[in-house]
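Got a minute to go through the labels on this one? Let's take them in turn and see what each rests on.

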Amino acid sequence: MPNRKSAEKRLRQNVAIRGRNRATKSAMKTQIRKVHDAVTAGDVPKAEEEFRLAAKKLDQAGAHKIIHPNRAARTKSRLQQLIKKTKSAD
């Protein structure tokens, strides 16, 4: 346990920030999973709709440094490639 008032405050802040970061990361991963599920089912329009939401969540996480911005861009690119590949297979 912290001994100083400032350390107690930092602990409270860290707990709150960690909770927000975990929620954002979880929502991001869920949205990515929804894109993968739609692609697996062969539902391209649904995959494209889910991708738009996933891209937004990835960009937000990257902007707030929850994940590295390059990781957000790389993940978006891979999802786009997956959708494009599924679309051309039809």
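What follows is a run of questions and answers on a predicted model.

Q: Why is Thr86 called buried?
A: The cut-off for buried is under 20% relative accessible area. Thr86 comes in at 16%, so it counts as buried.

Q: Where does Thr86 sit, and which residues does it touch?
A: Thr86 is in helix α3, which spans residues 69–89. Leaving out residues up to four places away in sequence, Thr86 touches Val39 and Val44.

Q: What makes the approach of the Thr86 side chain to the backbone oxygen of Leu82 a polar contact?
A: A pair of N or O atoms has to be within 3.5 Å, with one able to donate a hydrogen and the other to accept it. Here the Thr86 side chain reaches that Leu82 oxygen at 2.9 Å, so the distance passes the 3.5 Å limit.

Q: And Ala23, why is that one called partly exposed?
A: Buried stops at under 20% and exposed starts at over 50%, with partly exposed in between. Ala23 has a relative accessible area of 47%, so it lands in that middle class. Ala23 lies in helix α1.

Q: How far apart are Ala23 and His68, in sequence and in space?
A: They are 45 residues apart in sequence and 16 Å apart in space, going C-alpha to C-alpha.

Q: How do you know that α1 is roughly antiparallel to α2?
A: The axes of α1 (residues 5–41) and α2 (residues 44–63) cross at roughly 155°, coming within 9 Å. Angles over 145 degrees count as roughly antiparallel, so the label fits α1 and α2. As for handedness, α1 passes α2 in a left-handed crossing.

Q: What makes up the contact of α1 with α2?
A: On the α1 side, the residues include Met28, Ile32, Val35 and Val39; on the α2 side, they include Phe51, Leu53, Leu58 and Ala61. The residues of this contact divide into 12 nonpolar, 2 polar and 4 charged.

Q: Why are α2 and α3 called roughly antiparallel too?
A: Their axes cross at roughly 175° and come within 9 Å. With the cut-off at over 145 degrees, α2 and α3 therefore count as roughly antiparallel. The contact includes Val44, Phe51 and Gly62 of α2 and Leu79, Ile83 and Thr86 of α3. By class, the residues of the contact of α2 with α3 are 10 nonpolar, 4 polar and 4 charged.

Technical notes:
Residues are numbered from 1 along each chain as its sequence is written. This is a predicted model: local features need pLDDT of at least 70, side-chain atom pairs count only at pLDDT 80 or more; totals for chains, interfaces and linings use all residues. Side-chain values use heavy atoms; hydrogens and water are left out. Helices (H or I, at least four residues) and strands (E, at least two) are DSSP runs, numbered from the N terminus. Buried means under 20% relative accessible area, exposed over 50%, partly exposed in between (1.4 Å probe, protein chains only). Contact means heavy atoms within 4.5 Å. Axes are lines fitted to C-alpha atoms, for helices over the stretch in contact, and angles run from 0 to 180 degrees between N-to-C directions. Angles under 35 degrees count as roughly parallel, over 145 as roughly antiparallel, 65 to 115 as roughly perpendicular and the rest as oblique. A crossing is left-handed if the near helix is turned anticlockwise from the far one by less than a right angle, and right-handed if clockwise. Ala, Val, Leu, Ile, Met, Phe, Trp, Tyr, Cys and Pro count as nonpolar, Asp, Glu, Lys and Arg as charged, and the others, Gly among them, as polar.
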